[in-house]
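Morning, everyone. I have a few minutes on pockets today. Please look at the structure while I talk.

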Amino acid sequence: MLQTIIKIGLSLLIILLATGVAKKYPPLAGLIGVMPLTGALVFCWIHWENQGDTDLMIQTASAAIWGIIPSILFFVCLLGVLKAGYSFYSAFTLSAAVWILGAVGHQYFLRG
């Protein structure tokens, strides 16, 4: 239970940091939002919870590399649709749909 509370607390701190920084320095907030900090935390938790299972770490790292593609698609779509003048909600919904399609493809090809 304590591990879950720590995970939630760290995640919340990162989100609060990024949204607070965005008010004055949007480029830095964007960098914080996509930095591999989340991935690093995930790998730390996987390591600690699975007694350093190297095979699990290798599989997860490999999937993470390919998982970058749907994330890039999300941000490219969001940027393009916002620049085209769509509302945030429309742009976010479309970008999320693109990410979901990319994530489904990610899972399909990695399991195949």
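Let me begin with the residue classes around the second largest pocket. Its lining has six nonpolar residues, three polar ones and no charged ones. Keep in mind that this is a predicted model.

Which residues are they? From α1 to the far end of the list, they are A18, T19, A22, P26, A29, G30, G33, V34 and F75. Two elements, α1 and α2, each give two or more residues to this lining. The largest share is from α2, with five residues. As for volume, the second largest pocket holds about 200 Å³ of space.

Now the largest pocket. How much space lies in it? About 1000 Å³. Its lining counts 34 residues. Nearest the centre you will find V34, M35, T38, G39 and S71. Note V34: this residue is in the lining of the largest pocket, and V34 also lines the second largest one.

Which helices build the wall? At least two lining residues come from each of α1 (2-22), α2 (26-34), α3 (37-49), α4 (54-83) and α5 (88-111). Here α4 provides the largest share, ten residues.

And the chemistry? The lining of the largest pocket splits into 25 nonpolar, eight polar and one charged residue.

So, to recap. For the largest pocket, think α4 for the largest share of the lining. For the second largest, think α2. Over to you for questions.

Technical notes. Residues numbered from 1 in each chain as written. Predicted model: local features only at pLDDT ≥ 70, side-chain atom pairs only at ≥ 80, totals over all residues. Heavy atoms only, no water. 1 Å grid on protein atoms, 1.4 Å probe; cavity = no way out; pocket = protein on both sides within 12 Å on 5 of 7 lines; lining within 4 Å. Points joined across faces, edges and corners; volume = space filled by probe spheres on them. Helix = DSSP H or I, 4+ residues; strand = E, 2+ residues; numbered from the N terminus. Nonpolar A, V, L, I, M, F, W, Y, C, P; charged D, E, K, R; others polar.
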